[in-house]
Amino acid sequence: MIIGVNCGHTIEGAGSGAVGFLKESVHTRFVGNALMKKLKNANVEVIDCTVDHAGSQEAYLEKAVQIAQQADIDLFISIHFNASGEHKAHGVEAYTYGGKRHNEAVAICSHLQKLGFVNRGIKDGSGLYVIRKTKAKAILIEVCFCDNDEDIAIYKRAGAQEAAADAIFNALCETALERKEGTEDSRQAFIEVVGKIARKDWLERNILLPSVVIAQAVKESAWGTSELARKANALFGIKRNGWDGRIYVKDATEQRADGSFYTVEQTQWRAYDSWEQSILDHNDYIAQRSTDGGKTLRYAPVIGCGDYTLAARYLQICGYATAHGYAESLIHDYIERYQLMRFDK
Ligand SMILES: [Zn+2]
């Protein structure tokens with residue numbers, strides 16, 4: 001997977017874009033550069049298709065597409081900030097060829113919507129040069145309106161370029177990178193996304209060690225490709241057990257003490273709006289699970305345990321999984337093999 005990123009517009013002069021409460025060409029670079037850094041950290045090959053100077057708008061567009069074509073990219077992303085005549089329009093939107101609802105474009109809009117922007121959806125960008133001329137699947141993102149005060153307030157409150165780049169990166173991890181199932185690219189991307197959320201929650205709430213969270217997420221969701229991960233955003237198979245949110249129904253496979261397997265039909269599983277919600281709920285579950293009305297906590301030894309070997313073994317001893325060898329698999333197949341303990345420090 002090679003992704004071409006175009007930070008929209010030239011820096012100044014011909015082709016330099018809109019100016020509102022912030023200058024479009026400055027922030028397309030802030031967001032685009034932050035995005036490229038995140039992709040590279042996740043071992044995704046990135047081609048920078050940004051053009052800083054050109055004699056004309058046409059020359060700028062031609063050059064950007066030329067860079068993309070030479071590199072034979074799989075996906076082209078051009079980042080922009082919108083503007084409107086009355087300065088009243090607001091929200092995020094994305095343009096594709098023929099207005100096609102590519103998974104990546106839909107996910108990018110919905111992740112940016114979560115920052116607080118109105119989601120204006122996918123629009124027909126067939127008339128846009130970079131969309132029409134790029135061989136690869138092309139998406140032009142208008143993060144928000146740079147001439148609308150409310151949009152810019154939302155942008156800044158959410159964390160500006162870092163938040164916007166994060167939203168786009170997470171959307172790509174769930175879509176473009178996921179399709180390369182089983183490759184090192186997609187695995188590293190999955191580790192980075194889950195690791196960042198797990199580490200933040202560990203620093204804030206000190207429940208389950210990040211390396212163990214990541215290993216469990218990898219093992220239980222098959223790197224985010226399982227039916228529960230795809231259809232219910234659930235990285236861990238947590239059964240309904242008193243959950244009053246959305247549920248997803250599918251059969252469960254359990255293992256008996258003698259090693260044989262059996263199926264429990266029509267099991268109800270917890271379903272989520274995002275992987276982040278799934279990870280936080282899994283930590284809540286570890287922190288709160290009790291089978292005697294709260295007198296004793298089932299996972300008490302696991303909570304706050306700073307040693308991944310012990311934390312994984314306590315999980316199994318306390319009855320987290322019926323599968324034999326669950327703890328040893330977390331430790332050897334995932335934590336040590338992928339050096340996940342770097343998220344614990
Ligand atoms: Zn623009």
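How many salt bridges are there between domain 1 and domain 2? Just one, and we'll get to it in a moment. Bear in mind as you click around that this is a predicted model.

**Stop 1: the two domains**

Start by colouring residues 2-176 as domain 1 and 183-343 as domain 2, following the domain assignment. Drop a marker at the C-alpha centre of each, and the distance between the two markers comes to 34 Å. Now pick out the contact: eleven residues of domain 1 take part, along with nine residues of domain 2. If you turn on surfaces, the area buried between domain 1 and domain 2 is about 740 Å². Carbon and sulfur atoms supply 58% of that area.

**Stop 2: the bridge across the interface**

Next, show Asp166 and Lys196 as sticks. These two form a salt bridge, with 2.8 Å between their closest N and O atoms. Widen the search to polar contacts across the interface of domain 1 and domain 2, and one residue pair turns up, both partners at pLDDT 80 or more.

Stay on the domain 1 side and select helices α1 (24-41) and α6 (160-174): these are the elements that give two or more residues to the side touching domain 2. Which one gives the largest share? That's α6, with five residues. Colour this side of domain 1 by residue class and you'll get four nonpolar, three polar and four charged residues.

**Stop 3: the zinc site**

Now centre on the zinc ion. Select His9, Glu24 and His80: they coordinate zinc through NE2, OE and ND1 respectively, at 2.1 to 2.2 Å. Along the chain, the donors follow the spacing H-x14-E-x55-H. Trace the backbone from His9, which sits in the loop between β1 (2-7) and α1, to Glu24, which belongs to helix α1. The two are 15 residues apart in sequence, so this pair of donors ties together separate parts of the chain.

**Stop 4: another bridge on α1**

Keep helix α1 on screen and add Arg29 and Asp52. Their side chains meet in a salt bridge, 2.9 Å from N to O. Arg29 is in helix α1, while Asp52 lies in the loop between β2 (45-48) and α2 (57-71), so look for a link between distant parts of the chain, 23 residues apart.

**Last stop: the full set**

To finish, display every salt bridge in the model; the count comes to 13. Among them are the two you've already visited, Asp166 with Lys196 and Asp52 with Arg29.

How values were computed
Residues numbered from 1 in each chain as written. Predicted model: local features only at pLDDT ≥ 70, side-chain atom pairs only at ≥ 80, totals over all residues. Heavy atoms only, no water. Domains from an automatic or database assignment. Contact = heavy atoms within 4.5 Å. Buried area = accessible area lost by both parts, 1.4 Å probe. Salt bridge = Lys/Arg side-chain N within 4 Å of Asp/Glu carboxyl O. Polar contact = N/O pair within 3.5 Å; in protein donor to acceptor, adjacent residues only side chain to side chain. Helix = DSSP H or I, 4+ residues; strand = E, 2+ residues; numbered from the N terminus. Nonpolar A, V, L, I, M, F, W, Y, C, P; charged D, E, K, R; others polar. Donors = N, O, S within 2.8 Å, 3.2 Å for Na, K, Ca; no water.
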